[in-house]
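Let's take a walk through this structure together, one piece at a time. Have a look at the sequence and the model first, and then we can start.

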Amino acid sequence: MHAGFGGGRPETDLAQARHGAGRPPTYAWDSRALLSLVLLGLPELGERLRVRRNRSLYSRLHYRLTIDPLTPDDTADYLRVRLGRVGCTKELFTSDAIAMLHEAAASSLRDTDRLATAALRAAARKKRKLVERDVLSRILQLDAEEAG
């Protein structure tokens, strides 16, 4: 029996052997990273990590990447890509509607998707080939009424 294993009780020796046998000494643990984490989140995550009680964790993050808010051109490209994935190659939104959508969604891709889908449905019901400013304006008005 080993002196450090539970004083000779077989059940304790077995449990300790499972959890500690073959482990490198403590100094060897510090020589390499034992765990890598990737934190993803909205901008609020960064704000929460910077508060005093989380500062220790924040200081240990080796890489911090931030995706900047979308520009109107990014929103237009995003719509093209999303529509292209379903086989659409034509422009379905006027530039005014895209600018209005970009402003209303405030760089949120989820809101962009939701509002664009509602606008496409409304335009289809009116048998229009393009989502124009008036259609999107009505969608935004309905969205504001539902939220308020």
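## A walk through the model

Let's begin with a pair of charged side chains: Arg-80 and Glu-91 meet in a salt bridge, with 2.8 Å from N to O. Arg-80 sits in helix α5, while Glu-91 belongs to the loop between α5 and α6, so this pair ties together parts that are 11 residues apart in sequence. Keep in mind as you look around that this is a predicted model.

How open are these two side chains to the outside? Arg-80 has a relative accessible area of 41%, so it counts as partly exposed. Glu-91 comes out at 43% relative accessibility, which also makes it partly exposed.

Arg-80 has another partner to show you. Asp-77 forms a salt bridge with Arg-80, and here the closest N and O atoms are 2.6 Å apart. Both residues are in helix α5, and because they are 3 residues apart there, about one helical turn separates them. Asp-77 is partly exposed too, at 40% relative accessibility.

For another salt bridge, go further along the chain to Arg-128 and Asp-134, whose side chains meet at 2.9 Å, N to O. Arg-128 is partly exposed with a relative accessible area of 31%, and Asp-134 is partly exposed at 36%. Now put the earlier pieces together: salt bridges that share partners join Asp-77, Arg-80 and Glu-91 into one network. Altogether, the count for this model comes to 6 salt bridges.

Next, let's see how helices meet. A pair of packed helices is described by the angle between the axes and the distance between them. Take helix α5, residues 72-85, and helix α7, residues 109-125: their axes come within 11 Å and cross at roughly 65°. The crossing of α5 and α7 is right-handed. Which residues make the contact? On the α5 side you'll find Thr-75, Tyr-78, Leu-79, Arg-82 and Leu-83, and on the α7 side Leu-109, Thr-112, Asp-113, Ala-116 and Leu-120. Sorted by character, the residues of this contact divide into 6 nonpolar, 2 polar and 2 charged.

Zoom in on one of them, Thr-112, which lies in helix α7. Is Thr-112 buried or exposed? Its relative accessible area is 1%, so Thr-112 is buried. Leaving aside neighbours within four places in sequence, Thr-112 is in contact with Thr-75, Tyr-78, Leu-79, Leu-101 and Ala-105.

Thr-75 on that list leads us to our last stop, His-102. This histidine is found in helix α6, which covers residues 95-105. The side chain of His-102 makes a polar contact with the side chain of Thr-75, at 2.7 Å. What else does His-102 touch? Not counting residues up to four places away in sequence, His-102 touches Leu-70, Thr-71, Pro-72 and Ser-107 as well as Thr-75. With 14% relative accessibility, His-102 falls under the 20% cut-off, so it counts as buried.

Looking back, Thr-75 is a handy landmark for finding your way around. Thr-75 takes part in the contact of α5 with α7, is in contact with Thr-112, and meets the side chain of His-102 in a polar contact.

Conventions. Residues numbered from 1 in each chain as written. Predicted model: local features only at pLDDT ≥ 70, side-chain atom pairs only at ≥ 80, totals over all residues. Heavy atoms only, no water. Axes fitted to C-alpha atoms, helices over the stretch in contact; angles between N-to-C directions. Helix = DSSP H or I, 4+ residues; strand = E, 2+ residues; numbered from the N terminus. Left-handed = near helix turned anticlockwise from the far one by under 90°. Contact = heavy atoms within 4.5 Å. Nonpolar A, V, L, I, M, F, W, Y, C, P; charged D, E, K, R; others polar. Buried < 20%, exposed > 50% of the residue type's maximum accessible area, 1.4 Å probe, protein only. Polar contact = N/O pair within 3.5 Å; in protein donor to acceptor, adjacent residues only side chain to side chain. Salt bridge = Lys/Arg side-chain N within 4 Å of Asp/Glu carboxyl O.
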